[in-house]
Amino acid sequence: MLFRFRGGEDCPDWVLAEIATVSRLTSIKLKLICVQIMKNIGSDSLKYEILTKLTEQGKLSLSDVRAMVACLRFILESSLRCSVDPASLDTELQQLGFPKEHAAALTKVYADYCEEGGEALRRISLRLPPPDIAWTVDYVVGDSKVGAVGQPFLNLSINGNESTLSTADLDSLIHELKTAAECIKNIKL
């Protein structure tokens, strides 16, 4: 079966296996755990001490808690990445085997923290190291063979790739970069 929260793909078997562990908790505890996960999306600073206290009643081992958190985090992050609406997520979770109350609790947290979680995922995506840029301007006033030249040249080095640009080339590059920046601004995420 294909799921929207998975981007039109099937759900992994390990997630299906963890649903039984999640079902051992009350829907209120599940909601509190999901709140902790959504507050920490985009970082690895999840405090398992808090989660262990929340799961004491279900008598889960630390490995069970970690597996359950991985499952819930996977579902929540996949839903955020695919921009799934809460009603569809609720339906799909019930199709996976979540009890109705558990699916409703998870969906409620997803709906409440959707904006913040999506923003956190956007902050950590598409990170590239800053480029190493070096440049110099050479202005040749005259040459014994040609006579007066008087045109500046830009020697540009980006990550070790060197280029020499004339004023016309530089004007063209600036225009293309401005056009690219406008296109990026107009992209709606």
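**Stop 1: α5 against α6**

Select P86, L89, D90, L93 and Q94 in α5 of this predicted model, then add K100, A103, A104, L106, T107, Y110 and A111 in α6, which they meet. By class, the residues of this contact divide into eight nonpolar, two polar and two charged. Now display the two helices in full, residues 86–96 for α5 and residues 100–124 for α6. Their axes come within 9 Å and cross at roughly 150°. Because angles over 145 degrees count as roughly antiparallel, α5 is roughly antiparallel to α6. The crossing of α5 past α6 is right-handed.

**Stop 2: α4 against α6**

Keep α6 on display and bring in α4, residues 62–81. The axes of α4 and α6 also approach within 9 Å, with a crossing angle of roughly 65°. This crossing, too, is right-handed. To see the contact, select L72, I75, L76, E77, S79, L80 and R81 on the α4 side; on the α6 side, select L106, Y110, C114, G117, G118 and L121. The contact of α4 with α6 comprises eight nonpolar, three polar and two charged residues. L106 and Y110 take part here, and both are also among the α6 residues that meet α5.

**Stop 3: the largest nonpolar core**

Which residues touch the most other members of the largest nonpolar core? Select L72, I75 and L106, which hold that position among its 38 residues. In soluble globular proteins, nonpolar side chains tend to be buried together. Colour next the elements that give two or more residues to this core: α1 (13–23), α2 (27–39), α3 (48–54), α4, α5 and α6. The largest share, eight residues, comes from α4.

Centre the view on I75. Leaving aside neighbours within four places in sequence, I75 is in contact with F5, V15, L89, L93, F98 and L106. Of these partners, L89 and L93 belong to the α5 side of the contact with α6, and L106 lies in α6.

**Stop 4: N40, between α2 and α3**

Move to the loop between α2 and α3, where N40 is found. Is N40 buried or exposed? Its relative accessibility is 13%, so N40 counts as buried. Beyond its neighbours within four places in sequence, N40 is in contact with S45, L46 and R73.

**Stop 5: S83 and N159, two positive phi values**

Select S83 in the loop between α4 and α5. Its phi is near 50°, a positive value in a residue other than glycine. Most residues other than glycine have a negative phi. With a relative accessible area of 63%, S83 is exposed.

Go next to the loop between β2 (147–158) and β3 (161–165), which holds N159. N159 has a positive phi of about 50° although it is not a glycine.

**Stop 6: I158 in β2**

Finish on I158, which lies in strand β2. I158 has a relative accessible area of 36% and is therefore partly exposed. With neighbours within four places in sequence left aside, its contacts are P131, D132 and I133. Add W135 and draw a C-alpha to C-alpha distance from I158: the two residues are 23 residues apart in sequence and 8.6 Å apart in space.

Key: Residues numbered from 1 in each chain as written. Predicted model: local features only at pLDDT ≥ 70, side-chain atom pairs only at ≥ 80, totals over all residues. Heavy atoms only, no water. Axes fitted to C-alpha atoms, helices over the stretch in contact; angles between N-to-C directions. Helix = DSSP H or I, 4+ residues; strand = E, 2+ residues; numbered from the N terminus. Parallel < 35°, antiparallel > 145°, perpendicular 65-115°, else oblique. Left-handed = near helix turned anticlockwise from the far one by under 90°. Contact = heavy atoms within 4.5 Å. Nonpolar A, V, L, I, M, F, W, Y, C, P; charged D, E, K, R; others polar. Core = buried A, V, L, I, M, F, W, Y, C linked by side-chain atoms within 4.5 Å. Buried < 20%, exposed > 50% of the residue type's maximum accessible area, 1.4 Å probe, protein only.
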